[in-house]
Amino acid sequence: MPRWRIPLTCSKCHAAIFNQYKDSVHGSALTGTDNPDVPTCVDCHGVHKIGDPTPAAFRLMSPTEMCGKCHTDSKRMSKYGISTNVLNSCVADFHGTTVTLFEKQSPDQITNKPVCFDCHGVHDIANTKDPKAGLQIKSNLLKACQKCHPDATTENFAASWLSHYEPTPSRFPAVYYINLFYKIFIPAVLGFMALMVILDAVWRVRNRSTGKEA
């Protein structure tokens, strides 16, 4: 079966979800094509072993077992100029770290920390640059944050998040240069301390070999 027909088959029973999907960034890219880079229903839900998407376990594994499979593929993402740092930046963030811990220690426990589809949507994922729903638009990102942080009322709240992009001299320069400073400073301090220990040890061994007291 052509890939573009898979959603049509599912739509026979899931018409409302299909209508969301066909207008999404994924669905609109698949229309009338067999682009292997675009996820269809079966890529996320499976074919003959479709599981229940409502338990906590499904939610917790979604970043690594579902979204991450495509979005960490550098060969695939390079075609569309999409960062592959999404999973690493998510896991490094407070939200993602908590989700990862829950997945490993308590896979059946519900956590209120967001996973990918809490911010981006499920079947109606929009292009990040979409003016109505794209999360590169500060006002849209703020609305996403307000789902969990209702007290967040200014765009500065959302702007304080680095998103999924690594800091560069042009993007979040303060964070970039602070990180660079510590990457140099910490190894330099530890290296200097190690050198002092080695020199002290050499001095003590030399004194003992010459019969002097340490």
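**Figure 1. Aromatic rings around F185, a partly exposed phenylalanine.** F185 has a relative accessible area of 41% and counts as partly exposed; under 20% a residue is called buried, over 50% exposed, and in between partly exposed, using a 1.4 Å probe and protein chains only. Please keep in mind that this is a predicted model, where local features need pLDDT of at least 70, side-chain atom pairs count only at pLDDT 80 or more, and totals for chains, interfaces and linings use all residues. Residues are numbered from 1 along each chain as its sequence is written, while side-chain values use heavy atoms and leave out hydrogens and water. To describe a pair of aromatic rings, one gives the distance of the centres and the angle of the planes. In total, 4 aromatic pairs are found in the structure; rings of Phe, Tyr and Trp (its six-membered ring) pair if their centres lie within 6.5 Å, and planes under 30 degrees apart count as stacked, over 60 as edge-to-face and the rest as tilted. One of these pairs joins Y176 and Y177, whose ring centres are 5.0 Å apart and whose planes meet at 80 degrees, so the arrangement is edge-to-face. Y176 is partly exposed at 28%, and Y177 is partly exposed at 47%. The pair F181 and F185 is stacked, because the planes are at 10 degrees, with the centres 5.2 Å apart. F181 and F185 both sit in helix α12 (residues 173-209), 4 residues apart, or about one turn of the helix; helices are DSSP runs of H or I with at least four residues, numbered from the N terminus. F181 is partly exposed too, at 45% relative accessibility. Together with Y182, F181 and F185 form one aromatic cluster.

**Figure 2. The packing of helix α5 against helix α8.** Here is a view of two helices, α5 (residues 56-71) and α8 (residues 94-105), whose axes are 9 Å apart and pack at an angle of about 110 degrees. Each axis is a line fitted to C-alpha atoms over the stretch in contact, and angles run from 0 to 180 degrees between N-to-C directions. How are α5 and α8 oriented to each other, parallel or perpendicular? They are roughly perpendicular, since angles of 65 to 115 degrees earn that name, while those under 35 are roughly parallel, those over 145 roughly antiparallel and the rest oblique. On the α5 side the contact uses L60, M61 and T64, and on the α8 side V99, F102 and E103; contact means heavy atoms within 4.5 Å. By type, these contact residues are 4 nonpolar, 1 polar and 1 charged. In that tally Ala, Val, Leu, Ile, Met, Phe, Trp, Tyr, Cys and Pro are nonpolar, Asp, Glu, Lys and Arg charged, and the others, Gly among them, polar.

**Figure 3. Cysteines C44 and C90 and their nearest sulfur neighbours.** How many disulfides does a search of the whole structure find? The count is 0, where a disulfide is a pair of cysteine sulfur atoms within 2.5 Å. The sulfur closest to that of C44 belongs to C67 and lies 6.8 Å away, too far for a bond. C90 is in no disulfide either, and the nearest cysteine sulfur, that of C116, is 5.4 Å away. C44 is partly exposed at 33%, whereas C90 is buried at 17%.

**Figure 4. The buried residues of helix α10, with Q146.** In α10 (residues 138-146), the buried residues are N140, L141, L142, A144 and C145. Their cover includes α9 (116-120) and α11 (155-159). Q146 belongs to α10 as well, yet Q146 is partly exposed at 29%. Leaving aside residues up to four places away in sequence, Q146 touches A152 and T153. From Q146 to F157 the C-alpha distance is 9.7 Å, with their positions 11 residues apart in sequence.

**Figure 5. I125, a buried residue in a loop.** The loop between α9 and α10 holds I125, which is buried at 18%. Not counting residues up to four places away in sequence, I125 touches S24, V25, H26 and H120. I125 and D23 are 102 residues apart in sequence, but their C-alpha atoms are 8.7 Å apart in space.
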